[in-house]
Amino acid sequence: MDDRGGVEIRTYRPDDAPALFDIFYSAVHGTAATYYTPAQIAAWAPAELGRDAWAAHLDTIAPFVAQIDGRAVGYADLQSDGYIDHFFVHGDFARRGIGNTLMHTLHQTARERALDRLYSNVSLAAVAFFDVWGFECVQAQTPIRRGVAIDNVRMRKRLGRTG
């Protein structure tokens, strides 16, 4: 466990799935909404996302969960090759250091795992945040989700001894 400024980081538990869906939905429909059209937002984070498939995906990526006073407020994962699949902070808790605490945890974990890089497909809303953390833009992308094109950016960071 890590505790930074009231933010506690812990490992994922299967019963976290509904709360993490709420975080994901809030981040996409709130924070990211100024960068995407309503159709893109609806395709990216539909209200009626299959909860079983959602829970199964979370089981696979095993994210770190950020919580304040026992409430999940953000989450992020780090895969064995350095890929960050999910990185979300609840819209009501944006700009309170939760993202920084999660990113610090991912960097610390990457060092422990002796990874040489981190990379992610980053939403337009998060590019500036990842840039501050030393990630570089590699390629603009336009994946299709539920039949809708949603722009994002492939970003990466090469890790040295100080990661």
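Visitor: What makes the contact between the side chains of Arg-156 and Glu-136 a salt bridge?

Guide: In this predicted model, where local features need pLDDT of at least 70, side-chain atom pairs count only at pLDDT 80 or more, and totals for chains, interfaces and linings use all residues, the two side chains meet at 2.7 Å for Arg-10 and Asp-16 and at 2.9 Å, N to O, for Arg-156 and Glu-136. A salt bridge is a side-chain nitrogen of Lys or Arg within 4 Å of a carboxyl oxygen of Asp or Glu, so the 2.9 Å of Arg-156 and Glu-136 satisfies the definition. Residues are numbered from 1 along each chain as its sequence is written, and side-chain values use heavy atoms, with hydrogens and water left out.

Visitor: Why is Arg-156 called partly exposed?

Guide: Its relative accessibility is 27%, and partly exposed is the range between buried (under 20% relative accessible area) and exposed (over 50%), with a 1.4 Å probe and protein chains only. Arg-156 therefore counts as partly exposed, and Glu-136, with 37%, is partly exposed as well.

Visitor: How do you know that Asp-15 and Arg-13 form a salt bridge, and which exposure class does Asp-15 have?

Guide: Their side chains meet at 3.6 Å, N to O, in a salt bridge. Asp-15, with a relative accessible area of 58%, is therefore exposed, whereas Arg-13, with 41%, is partly exposed.

Visitor: Are Arg-10 and Asp-16 buried or exposed?

Guide: Both Arg-10 and Asp-16 are buried, and their salt bridge is one of three in the structure.
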